[in-house]
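Here are some worked exercises to try with the model open beside you. Have a go at each task before you read its solution.

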Amino acid sequence: MADPMKIRAQLKGDVTEIRVLMGHAMETGQRKDAAGATVPAHFIQSMTVDVGGKRVVDGQIGTSVSRNPVFGFKMKGAKVGDKVVVSWVDNKGDKRSDEAAVA
Amino acid sequence: MNIASSGLRLLSCTAALALSLSVAAQTKDPNAEFEKFRAEMEESNPAELFEVKGEELWKARRGPKNVSLAESCDLGQGVGKVEAAYVKMPRYFADADAVMDAERRIVWCMVEKQGFKFDDIAKKPFQGGNDNNAPEITNLVTYVASGSRNMKFDIPLGDPKVRDAFETGKAMAAYRAGPYDFSCNTCHGVDGKRIRMQNLPNLATPEGAIKGVQGWPGYRMTGGVMLTSQWRMNDCFRQQRFPEPKYASQTITNLLTYMSGNSNGQMYKGPGIKR
Amino acid sequence: MNTTRRTVLKGATASGVLAGLIAAGALRPTQVLAADWNKTAFEAKDTAGALKGIGAGAPAESKDLMLKVPDIAENGAVVPVDVVSSIPNTSSIAILVEKNPQPLSAQFDFANGAVAEVSARLKMGQTSLVKAVAKADGKFYTAQKEVKVTVGGCGG
């Protein structure tokens with residue numbers, strides 16, 4: 001079961017700042033463990049951000065993104081209370097979806 | 001001399017010390033940039049992921065005695081109370097008849113109140129680079145530390161037992177041993193020392209001591225692991241080529257009491273982020 | 001037999017089939033994300049290949065594309081990168097790390113009020129140029145900055 005994300009969505013003036021912290025190993029597939037065996041690639045490949053039911057960001061992610069990724073986005077047109085849903089899918093098909101409200 | 005290869009990194013840590021003064025004269029100090037960078041990273045700190053797990057563990061009924069730490073563990077502010085507990089440790093606990101730092105106290109509670117075995121916890125107390133998860137004790141320490149976010153260090157140095165631990169820690173910091181004849185003070189007892197790009201705080205001073213305790217427990221970017229000050233002390237011993245200190249021992253508590261005592265009155269910002 | 005499944009399996013590379021199914025409401029967008037991953041671009045071993053993979057070809061340098069990165073990364077494992085595009089109608093931003101084994105790090109498409117701005121934390125294997133590529137009105141623009149990655153001293 002993947003770790004829950006930490007999502008922060010703050011309305012400042014007319015811009016909503018969204019920050020999301022995801023828990024994921026983001027293994028590139030090039031690292032070797034202590035025994036010398038290659039750790040298989042395991043990384044988030046795609047993510048989406050929906051606000052108030054509308055798709056705002058559609059992201060594709062590669063192996064150069066850090067472990068426990070953090071992303072920041074901005075948008076206009078949201079109101080306090082709007083639902084922000086962030087979802088991701090990784091290369092093994094694991095997925096996670098979490099939500100927060102615009103504050 | 002190639003000091004870049006990781007195999008030589010440990011040795012060169014010490015060799016580079018001798019070169020640090022000459023290097024400093026030629027290059028700009030990037031530490032201001034690093035401080036800015038760390039402040040930005042702290043805004044969305046992966047440590048929060050471990051904090052969440054720690055909270056669940058604190059509140060869950062676990063162990064052979066099926067009791068939660070929330071209902072049984074006194075960190076010095078009352079049973080189950082996490083707020084302001086971290087910055088007021090190390091402190092003396094009568095029920096254990098010992099001065100204890102936060103991690104040692106939580107381990108004590110897990111053993112005495114929940115019925116866990118110390119050896120099971122001590123077997124692997126620190127997250128390794130290949131571990132996807134941190135040990136439970138690390139998550140718990142992170143949660144407890146978060147309860148002192150933006151509070152000032154306030155350990156009871158007036159308590160004779162705590163003062164005793166402080167003075168012992170201070171003496172230990174000056175104690176030279178190991179094949180390099182290092183003491184803690186060799187790196188951390190004077191102003192202005194540096195190893196490559198990392199400034200080494202002078203732990204004997206308030207300004208330096210807070211840098212030593214600030215940010216622990218911390219998410220270490222190298223390896224993407226969550227680590228505590230127990231780990232930091234263990235790693236210092238390794239870098240000095242000292243024998244490995246016993247996990248959650250009085251030795252570590254004494255050193256942490258010395259550093260925390262010198263930090264009294266200064267702000268603790270909660271779980272941090274480290275190189 | 002589930003005809004939707006059969007159609008999807010047969011038309012695995014036919015994005016038209018998938019698009020049709022999404023439009024028909026038979027497939028929710030989140031279910032097809034993995035299939036859409038731009039493998040060619042992400043697995044390209046150099047910048048040129050990555051740019052080709054996202055259709056960028058030869059992007060024009062633009063001063064309206066701002067890249068904020070540290071001059072020196074304390075740790076190459078986590079380098080914060082901020083990209084802000086003031087180019088009108090920016091619909092997507094991609095970020096590349098030139099000297100990484102697979103330079104394309106991420107690509108984001110914006111819609112429905114999203115501001116053309118994104119921040120991410122990237123792994124950098126060595127000192128390298130970090131490049132941002134923005135797509136606006138079908139054209140591609142780029143900006144770049146160098147980030148020095150150091151071998152650390154003692155991590156305290």
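**Exercise 1. Work out the strand order and the edges of the open three-stranded sheet in chain B.**

Solution. Step one is the order: the 3 strands of this open sheet in chain B run S7-S6-S9, and their pairing is mixed. Keep in mind as you look that this is a predicted model.

Step two is the edges. Strand S7 (225–227) and strand S9 (272–274) of chain B each pair on one side only, and these are the edge strands.

Step three is the twist: neighbouring strands of the sheet are turned against each other by 35 degrees on average, with direction ignored.

Step four looks at one pairing in detail. Strand S6 (residues 218–220) of chain B pairs with S9(B) in the parallel sense, over 3 bridges. To find this pairing on screen, start at Gly218(B), whose bridge partner in S9(B) is Gly272(B).

**Exercise 2. Describe how helix H10 and helix H12 of chain B pack.**

Solution. Two quantities are needed, since two packed helices are described by the angle between their axes and the distance between the axes.

For H10 (residues 206–213) and H12 (residues 250–262) of chain B, the axes come within 7 Å and cross at roughly 125 degrees. An angle from 65 to 115 degrees would count as roughly perpendicular and one over 145 as roughly antiparallel; H10(B) and H12(B) are therefore oblique to each other. The handedness of the crossing of H10(B) and H12(B) is left-handed.

Now for the residues. H10(B) contributes Pro206(B), Ala209(B), Gly212(B) and Val213(B), while H12(B) contributes Met259(B), Ser260(B) and Asn262(B). By character, this contact of H10(B) with H12(B) divides into 4 nonpolar, 3 polar and no charged residues.

To place the pair in its chain, note that chain B has 12 helices and 9 strands, and that 42% of its 275 residues are buried. Of the contacts in chain B with a separation of 6 or more, 68% are between residues 24 or more positions apart.

**Exercise 3. Is strand S3 of chain A mostly covered or uncovered, and which strands does S3(A) pair with?**

Solution. Begin with burial: 7 of the 8 residues of S3 (residues 44–51) of chain A are buried, so to speak of this strand is to speak of one that is mostly covered.

Next, take the partners in turn. With strand S6 (residues 83–90) of chain A, S3(A) pairs in the antiparallel sense over 7 bridges; Thr48(A) has Ser87(A) as its bridge partner there. With strand S4 (residues 54–61) of chain A, S3(A) is joined by 6 bridges, again antiparallel. Here Val49(A) has Val57(A) as its bridge partner.

Finally, look at the connection. S3(A) and S4(A) form a hairpin with 2 residues between them, and Gly52(A) in the turn has a positive phi of about 55 degrees.

**Exercise 4. Which elements of chain C touch chain A, and how do strands of the two chains pair?**

Solution. Count the participants: 32 residues of chain C and 30 residues of chain A take part in the contact.

On the side of chain C, the elements giving two or more residues are helix H3 (29–36), strand S6 (104–110) and strand S7 (114–122). The largest share, 8 residues, comes from S7(C). This side of chain C divides into 18 nonpolar, 9 polar and 5 charged residues.

Then follow S7(C) across the boundary. Strand S5 (residues 70–76) of chain A is joined to S7(C) by 4 bridges, and the two run antiparallel. Gly72(A) stands opposite Ser119(C) in this pairing.

Technical notes: Residues numbered from 1 in each chain as written. Chains lettered and ligands numbered in written order. Predicted model: local features only at pLDDT ≥ 70, side-chain atom pairs only at ≥ 80, totals over all residues. Pairing = 2+ DSSP bridges. Axes fitted to C-alpha atoms, helices over the stretch in contact; angles between N-to-C directions. Nonpolar A, V, L, I, M, F, W, Y, C, P; charged D, E, K, R; others polar. Buried ≥ 20, exposed ≤ 12 C-beta atoms within 10 Å, placed from the backbone. Contact = placed C-beta atoms within 7 Å. Parallel < 35°, antiparallel > 145°, perpendicular 65-115°, else oblique. Left-handed = near helix turned anticlockwise from the far one by under 90°.
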